[in-house]
Amino acid sequence: MEKLNVCVLFGGVSPEHEISLRSAEAVLNNLNKEKYNIFPVGITKQGKWILFAGTDYTMLPSGHWSSHPGNMPAAISPIRGQGLLCVSSECVYYHQIDVVFPVLHGENGEDGSIQGLMQVAGIPCVGAGVSASAVAMDKTLTKLVMEKAGIQQAAWELVRASSLADGMQSAVERVEAAFSYPVFVKPAGTGSSVGVSKARDRASLEEALLHAGKYDEKILVEECICGAEVEVAVMGNENPVASICGEIDSGVEFYDYDAKYVSDTSVAYIPARIDAKIADQVRETALSAYKAAGCKGLARVDFFVTHEDHKIILNEINTLPGFTSISMYPKLFEASGVPYEQLLDSLLAFALEAK
């Protein structure tokens, strides 16, 4: 069988750059070299595209990959048929690319921008397309789509960062009129809990709004939901399938960036510690949300299951979830009988099928 040429994109101009490097390390180490010719292309924080010449992917998390001897400037050409362009001295090399796996989290990778480039270039791309990526990345758009689909969510208010300089008091009073403390404050367009805070009073709310406003013009303020944090991995195109449910016990007040990637306080329970009937309902709701957003390929759908009455509350959809060695998405499918390497094979196949 002829090998597929797979371009794995990683890094990116994003607050989640470092997480992407860790995800890409795991993906690159688990792609079957007998099936694929792999072109690892890193994007620096400054936006430079580089074809990584090394084979030791443990260099990625440290950032040392970018200075490896033999690296070449590279870019995906928007001109159909050209594929990956690499520059060496005064020569330009063209590599046909059969499929791109954008292991990019957050801004400039998960928001529809890279997906738009691949659409223009005519190259199959793992994951959701332009519109679904944009809808899932912007939490306010996700709210509107899920509301139309009849999927229960936390109550929310939108605050504009540009209004805070002269209108902080007005914004705070509007939030206080809608909710009791505590509330969660989130940039609309970040993942990995970047810029997210839990506000317990007016002073911490003001601080949280200013902090979130550093990352996005649109700031989401949500009511606090007391419940188990339950996650479901989904993959597929027209007929997606859902993994078993997993549960995160953050060990702290909420599942923030440090709890996810730095400290060892969080514990994952697979399967989740919820009733089997509730778990089935969560999985069905995950599939409904996936379809409502127009997702393809993959997504991780996150919920709260309330402690008192076991209501299922959608939290968010991640169209390019973490793929690190500790990430829930691959762990959930592994626990559902799909090992990591097979999972990657399936995701690449779904990208080709969608194209």
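A residue counts as exposed when its relative accessible area is over 50%. At 68% relative accessibility, K214 is therefore an exposed residue. Keep in mind that this is a predicted model.

So where does K214 sit? Its place is in the loop between helix 7 (202–213) and strand 11 (218–223). P187 is 27 residues from K214 along the chain, and the C-alpha atoms of the two are separated by 8.3 Å.

**The chain as a whole**

Zooming out, the chain has 11 helices and 17 strands. For 355 residues, a compact globule would have a radius of gyration near 20 Å, and the chain agrees with that because its own value is 20 Å. Along the principal axes, the C-alpha atoms fill a box of roughly 65 × 50 × 35 Å.

Of the 355 residues, 54% are buried. If you take the contacts between residues at least 6 apart in sequence, 65% of them join residues at least 24 apart. About 15,500 Å² of the chain is exposed, with carbon and sulfur atoms supplying 50% of that area. On the charge side, there are 28 positive and 44 negative side chains, and the centres of these two sets lie 3 Å apart.

**Strand 4 and its partners**

In a regular strand the side chains alternate between the two faces of the sheet. Strand 4 (residues 72–76) shows this alternation: M72, A74 and I76 point to one face and are buried. P73 and A75 point to the other face and are not buried.

What does strand 4 pair with? Here are its links to strand 3 and strand 5:

| Partner of strand 4 | Sense | Bridges |
|---|---|---|
| Strand 3 (residues 49–51) | antiparallel | 2 bridges |
| Strand 5 (residues 84–88) | antiparallel | 3 bridges |

Down at the residue level, M72 in strand 4 has L51 standing opposite. A75, one of the residues of strand 4 that are not buried, has L85 in strand 5 as its bridge partner.

**Helix 3 and its cover**

Strand 4 turns up again at helix 3 (residues 113–121), since it is listed here with the elements that cover this helix's buried residues. Which residues of helix 3 are buried? They are I114, Q115, G116, M118 and A121. Their cover includes strand 1 (4–11), strand 3, strand 4, strand 7 (99–103) and helix 4 (130–137). Right after helix 3 comes G122, with a positive phi near 75°.

Definitions and conventions
Residues numbered from 1 in each chain as written. Predicted model: local features only at pLDDT ≥ 70, side-chain atom pairs only at ≥ 80, totals over all residues. Heavy atoms only, no water. Helix = DSSP H or I, 4+ residues; strand = E, 2+ residues; numbered from the N terminus. Rg over C-alpha atoms; globule rule 2.2 N^0.38 Å. Buried < 20%, exposed > 50% of the residue type's maximum accessible area, 1.4 Å probe, protein only. Contact = heavy atoms within 4.5 Å. Areas by Shrake-Rupley, 256 points an atom, 1.4 Å probe, with all protein chains shown as cover. Lys, Arg positive; Asp, Glu negative; His and termini not counted. Charge placed at Lys NZ, Arg CZ, Asp CG, Glu CD. Pairing = 2+ DSSP bridges.
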